[in-house]
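Q: I am new to this protein model and would like some help reading it. Could we go through it together, one feature at a time?

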Amino acid sequence: MFDVVFTRTGDVELMTQMLRSAHKPTIFESARSAEQKLKSKPHLAGEGRGDNERVLIVRPLFFGFNIDDENQRVYIHTVRWVGF
């Protein structure tokens, strides 16, 4: 199991999406679902973008993340709205 950590930027971007959205429960569920996927098998989640850099879409959000195998951590650094 990997620990999933939002970087400062990722955390601010997630909170911004929560504040702007009229569908707050959907945003919360998207983030929770992404976190669950990344905890168990981060290398299989989403698409690769280079060395341990991956992206995952759990509508309505896009998550950019890095995998730190040595410390068994996933760092979510980007959260963007992609729509339903």
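Q: In what sense do strand 3 and strand 4 pair, and over how many bridges?
A: Two strands count as paired if DSSP finds at least two bridges between them. Here strand 3 (53–58) and strand 4 (61–68) pair in the antiparallel sense, over 6 bridges. One example is Val-55, whose bridge partner in strand 4 is Gly-64. A hairpin of 2 residues links strand 3 to strand 4. Strands are DSSP runs of E with at least two residues, helices are runs of H or I with at least four, and both are numbered from the N terminus.

Q: Before we go on, what kind of model is this?
A: It is a predicted model, in which local features need pLDDT of at least 70, side-chain atom pairs count only at pLDDT 80 or more, and totals for chains, interfaces and linings use all residues. Residues are numbered from 1 along each chain as its sequence is written, and side-chain values use heavy atoms, leaving out hydrogens and water.

Q: What lies on the strand 2 side of strand 3?
A: Strand 2 pairs with strand 3 in the antiparallel sense over 2 bridges, and Glu-47 stands opposite Val-55. These two strands also form a hairpin, with 4 residues between them. In its turn, Gly-50 has a positive phi of about 120 degrees.

Q: What is the strand order of the whole sheet?
A: The sheet is open, has 5 strands in the order 1-5-4-3-2, and its pairing is mixed. Strand 1 (3–6) and strand 2 (47–48) are at the edges with a single partner strand each, so one side of each lacks a neighbour in the sheet. Strand 1 runs parallel to strand 5 (residues 73–81), joined by 4 bridges; Phe-6 has Ile-76 as its bridge partner there.

Q: Is strand 3 largely enclosed or open?
A: Buried means under 20% relative accessible area, exposed over 50%, and partly exposed in between, with a 1.4 Å probe and protein chains only. In strand 3, 5 of the 6 residues are buried, so this strand is largely enclosed by the rest of the structure.

Q: How do I describe two packed helices?
A: Use the angle between their axes and the distance between the axes. Axes are lines fitted to C-alpha atoms, for helices over the stretch in contact, and angles between N-to-C directions run from 0 to 180 degrees. Helix 1 (residues 8–20) and helix 2 (residues 24–40) pack at about 155 degrees, with axes 8 Å apart. That makes the two helices roughly antiparallel (an angle over 145 degrees).

How values were computed:
Parallel < 35°, antiparallel > 145°, perpendicular 65-115°, else oblique. Contact = heavy atoms within 4.5 Å.
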